[in-house]
Amino acid sequence: MQATVVGGGIGGLATAIGLGRAGWRVTLLERQPALVAAGAGLLIWPNAVHALRALGVGDEVAGAGVPNLSGGGIRRRDGRWLFRMDGAALARELGAPPITMHRADLHEILVAALPAGVDVRTGVEITTVPDEGDLVIAADGIHSVLRQQLAPRATVRDSGQVAWRAIATGEFDLRAGGGETIGRGWRFGVAPVGSRGVYWYVAAPGPLRTTSPAEQLAELREQLVGWHAPIAELLAATDPAGLLHHRLADLDPLPPMRFHGRIALVGDAAHAMTPNLGQGAAQALEDAVTLTAEVGPAATLGEVAAGLARYEAARRPRVAALVRNSRRAGEVFGARGRVTAGLRDLVLRAIPARVMQANAARTASWRPPAQFDDVVAR
């Protein structure tokens with residue numbers, strides 16, 4: 001059986017690894033001239049860790065990332081904690097710790113894990129669904145050209161918020177832990193990513209800025225003046241050339257995840273979500289493992305179509321709920337009014353930590369389908 005994967009990001013690479021290990025002949029098409037990753041930091045929740053272990057790269061990810069056993073949580077701008085996560089307890093319950101790492105490190109690990117038979121073609125611009133292959137996987141991101149053709153009603157929805165992301169290098173006091181600090185409309189998140197430095201991000205009300213990166217950094221320093229340490233130090237240590245700035249958006253409505261019995265959508269092409277739950281990359285990895293488990297054993301086009309039906313039935317309800325929940329979380333944490341932001345803080349302080357911990361555990365409790373190991377060991 002032959003598969004064509006369109007897109008060389010996390011979802012596309014993971015799918016190519018899974019199907020390649022299941023014995024498929026895989027062609028991976030990427031429009032960029034090389035398989036390189038753009039981005040900064042990445043939170044790998046336990047569900048994603050289990051997906052990566054299933055794909056055979058768990059040790060490499062553990063070696064490149066930083067286990068988040070201290071937990072982190074949510075703070076006010078003065079540094080007072082509203083909620084603290086017990087990362088060690090989460091790791092014990094779910095069988096894997098949350099891990100933070102640089103997106104480029106994960107991308108490099110996945111590229112290195114591509115089976116020898118995968119045909120990688122870069123610099124290839126795909127404008128229509130490829131004819132070749134028993135299975136076509138669209139993993140070409142939130143602005144997927146293939147999805148726009150197959151499901152034109154699924155549109156990119158602006159959340160009204162924008163974000164900045166960067167890596168700061170140097171020595172910073174992170175003994176209090178990582179996590180997110182929330183103010184009125186503005187949020188700041190931080191996490192160590194190993195030898196590459198410390199990942200930080202800011203979310204704020206739109207619109208998208210058109211000033212230079214240096215001017216945008218100056219705006220961030222002005223907006224976040226007086227926020228707890230080491231926020232000012234991280235901003236001061238950031239090279240403007242490494243600053244990323246973009247809108248926060250998702251898909252609405254979500255498209256189907258299969259078409260014509262031979263086409264599947266994976267990752268952001270299928271269910272792009274705002275990053276408020278840290279589940280975007282994790283869901284792409286879950287897609288890849290589930291797709292491999294359901295379609296990997298197929299020997300006929302009819303079996304491919306049946307496997308895709310099972311894939312969509314397994315994945316679509318989960319990702320639809322996460323898209324909704326992530327958007328709601330952004331609205332809550334991004335509250336701008338004095339009254340609404342104050343009420344939000346009071347509610348967060350009042351919710352028992354065990355309830356918040358349980359909610360996080362439910363989100364990250366996914367495991368690979370039972371048949372996955374048999375499929376890739378055939």
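Start with the largest nonpolar core of this predicted model. It has 73 residues. Select W24, I44, L106, L135 and I137, the residues with the most contacts inside this core. Now add helix α10, residues 280–295. Helix α10 gives the most to the core, with 8 residues.

Stay in the core and pick I44. Which residues is I44 in contact with, leaving aside its neighbours within four places in sequence? Show V49, L52, P97, P98, I99, M101 and L106. L106 also appears among the core residues with the most contacts.

Next, move to a second, separate core. This one has 20 residues. Select V162, V190, A204 and L224, which are among them.

Now go to strand β12, residues 187–192. Click on R187, which is found in this strand. Is R187 buried or exposed? Its relative accessibility is 2%, so R187 counts as buried, as the cut-off for buried is under 20%. Then show the side chain of Q161. A polar contact of 3.3 Å joins it to the side chain of R187.

Last stop: the second largest pocket. It holds about 220 Å³ of space. How many residues line this pocket? There are 13. Select R77, G183, R184, W227 and A341 to find the lining residues that lie nearest the pocket's centre. Then colour the lining by class: 6 residues are charged, 4 are nonpolar and 3 are polar. Finish with helix α12, residues 338–350. Helix α12 supplies the largest share of the lining, 5 residues.

Terms used: Residues numbered from 1 in each chain as written. Predicted model: local features only at pLDDT ≥ 70, side-chain atom pairs only at ≥ 80, totals over all residues. Heavy atoms only, no water. Core = buried A, V, L, I, M, F, W, Y, C linked by side-chain atoms within 4.5 Å. Buried < 20%, exposed > 50% of the residue type's maximum accessible area, 1.4 Å probe, protein only. Helix = DSSP H or I, 4+ residues; strand = E, 2+ residues; numbered from the N terminus. Contact = heavy atoms within 4.5 Å. 1 Å grid on protein atoms, 1.4 Å probe; cavity = no way out; pocket = protein on both sides within 12 Å on 5 of 7 lines; lining within 4 Å. Points joined across faces, edges and corners; volume = space filled by probe spheres on them. Nonpolar A, V, L, I, M, F, W, Y, C, P; charged D, E, K, R; others polar. Polar contact = N/O pair within 3.5 Å; in protein donor to acceptor, adjacent residues only side chain to side chain.
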